[in-house]
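Visitor: I'd like a close look at one part of this fold, with the surroundings filled in afterwards. Pick a single stretch of chain and walk me through it.

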Amino acid sequence: MILAVLFANSVGNVLIERFNGVPAEERLHWRTFLVKLGADNLKGVKNEELLVACHKSVYIVYTMLGDVSIFLVGKDEYDELALAETIYIITAAVKDVCGKPPTERVFLDKYGRICLCLDEIVWNGLLENTDKDRIKRLIRLKPPSEY
């Protein structure tokens with residue numbers, strides 16, 4: 001299961017978070033841990049260079065995309081390889097929506113569409129869609145008869 005998807009800006013403010021199967025009392029711990037992990041390790045990292053960590057028997061894959069850091073936390077079948085594939089799909093979708101690796105301003109301007117993409121890619125902790133064209137079609141917000 002994918003336990004968490006979190007986007008943060010360069011100073012550690014959380015922009016988007018999605019938790020699946022994580023009790024509410026543990027979410028603050030995960031937020032704090034992931035932001036600190038990014039602050040410690042993402043300085044000077046190239047765009048889309050993946051970093052991997054393990055914490056309490058879960059896997060964490062994270063990267064920078066423009067001014068935004070992206071974190072995925074998974075367990076069981078979502079090991080570091082599955083999370084790397086998932087983060088690749090997420091970064092490709094965000095770049096498609098924003099037109100380039102996003103600054104924080106562009107990211108926030110496109111917030112709604114990015115949330116729609118994220119919901120189409122990861123649903124209830126499972127990888128749902130991986131095809132870029134299908135994701136684009138699903139977030140158009142038009143009835144299926146108008147495709």
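Guide: Let's start with what pairing means here: two strands count as paired if DSSP finds at least two bridges between them. One thing to keep in mind is that this is a predicted model.

The part I'd pick is strand 5, which covers residues 68-74. In this strand, Val73 has Ala4 standing opposite. That contact belongs to the pairing of strand 5 with strand 1 (residues 2-8), an antiparallel arrangement held over six bridges. Strand 5 also pairs with strand 4 (residues 58-65): these two run antiparallel as well, joined by seven bridges. Here you can look at Ile70 of strand 5, which has Thr63 opposite. Strand 4 and strand 5 make a hairpin with two residues between them, and Gly66 in that turn has a positive phi of about 65°.

Now, how enclosed is strand 5? Seven of its seven residues are buried, so the strand is largely enclosed by the rest of the structure. As a rule, side chains in a regular strand alternate between the two faces of the sheet. For strand 5, one side carries Val68, Ile70, Leu72 and Gly74, the other carries Ser69, Phe71 and Val73, and both sides are covered, with every one of these residues buried.

Follow the bridges across to strand 1 and there's another neighbour to meet. Strand 1 pairs with strand 2 (residues 14-19) in the antiparallel sense over five bridges. Glu17 in strand 2 is the bridge partner of Leu6. These two strands form a hairpin too, with five residues between them, and Gly12 in that turn has a positive phi of about 95°. Ala8, also in strand 1, is buried, because its relative accessible area of 1% falls under the 20% cut-off.

Strand 1 is also where the aromatics come in. Across the whole structure, a search turns up three aromatic pairs. In one of them, Phe7 and Phe107 sit with ring centres 5.4 Å apart and planes at 35°, a tilted arrangement. This pair ties together distant parts of the chain, as Phe7 is in strand 1 and Phe107 is in helix 3 (residues 104-109), 100 residues apart. Both Phe7 and Phe107 are buried. In another pair, the ring centres of Trp30 and Phe33 are 5.9 Å apart and the planes stand at 90°, so the geometry counts as edge-to-face. Unlike the partners in strand 1 and helix 3, Trp30 and Phe33 both lie in helix 1 (residues 24-41), three residues apart, which is about one turn of the helix. Trp30 is buried, at 7% relative accessible area, whereas Phe33 is partly exposed, at 23%.

Helix 1 and strand 5 turn up together again at the largest pocket, where they are the elements giving two or more residues to the lining. That pocket holds about 170 Å³ of space. Its lining has 13 residues, with Asn9, Ser10, Gly38, Ala39 and Lys43 nearest the centre. Helix 1 gives the largest share, three residues. By class, the lining comes to seven nonpolar, five polar and one charged residues.

Further along the chain, helix 4 (residues 111-121) has a set of buried residues: Ile114, Cys115, Cys117, Leu118 and Ile121. They cover an arc of only 160° around the axis, which puts them on the same side of helix 4.

Last, some backbone angles you might want to check yourself. Most residues other than glycine have a negative phi. Ser57 is not a glycine, yet has a positive phi of about 60°. It lies in the loop between strand 3 (51-55) and strand 4, and counts as exposed at 64% relative accessibility. Asn124, also not a glycine, has a positive phi of about 50°. Asn124 is in the loop between strand 6 (122-123) and strand 7 (126-127), and at 52% relative accessibility it counts as exposed.

So back to where we began: strand 5 is paired antiparallel with strand 1 and with strand 4, and its residues are buried on both faces.

How values were computed: Residues are numbered from 1 along each chain as its sequence is written. This is a predicted model: local features need pLDDT of at least 70, side-chain atom pairs count only at pLDDT 80 or more; totals for chains, interfaces and linings use all residues. Side-chain values use heavy atoms; hydrogens and water are left out. Buried means under 20% relative accessible area, exposed over 50%, partly exposed in between (1.4 Å probe, protein chains only). Helices (H or I, at least four residues) and strands (E, at least two) are DSSP runs, numbered from the N terminus. The arc is that of the directions from the helix axis to the C-beta atoms. Rings of Phe, Tyr and Trp (its six-membered ring) pair if their centres lie within 6.5 Å; planes under 30 degrees apart count as stacked, over 60 as edge-to-face and the rest as tilted. On a 1 Å grid over the protein atoms alone, a cavity is a set of points where a 1.4 Å probe fits but cannot get out, and a pocket is an open set with protein on both sides within 12 Å along at least five of seven lines; lining residues have an atom within 4 Å of a point. Grid points are joined across faces, edges and corners, and a volume is the space filled by probe spheres set on the points. Ala, Val, Leu, Ile, Met, Phe, Trp, Tyr, Cys and Pro count as nonpolar, Asp, Glu, Lys and Arg as charged, and the others, Gly among them, as polar.
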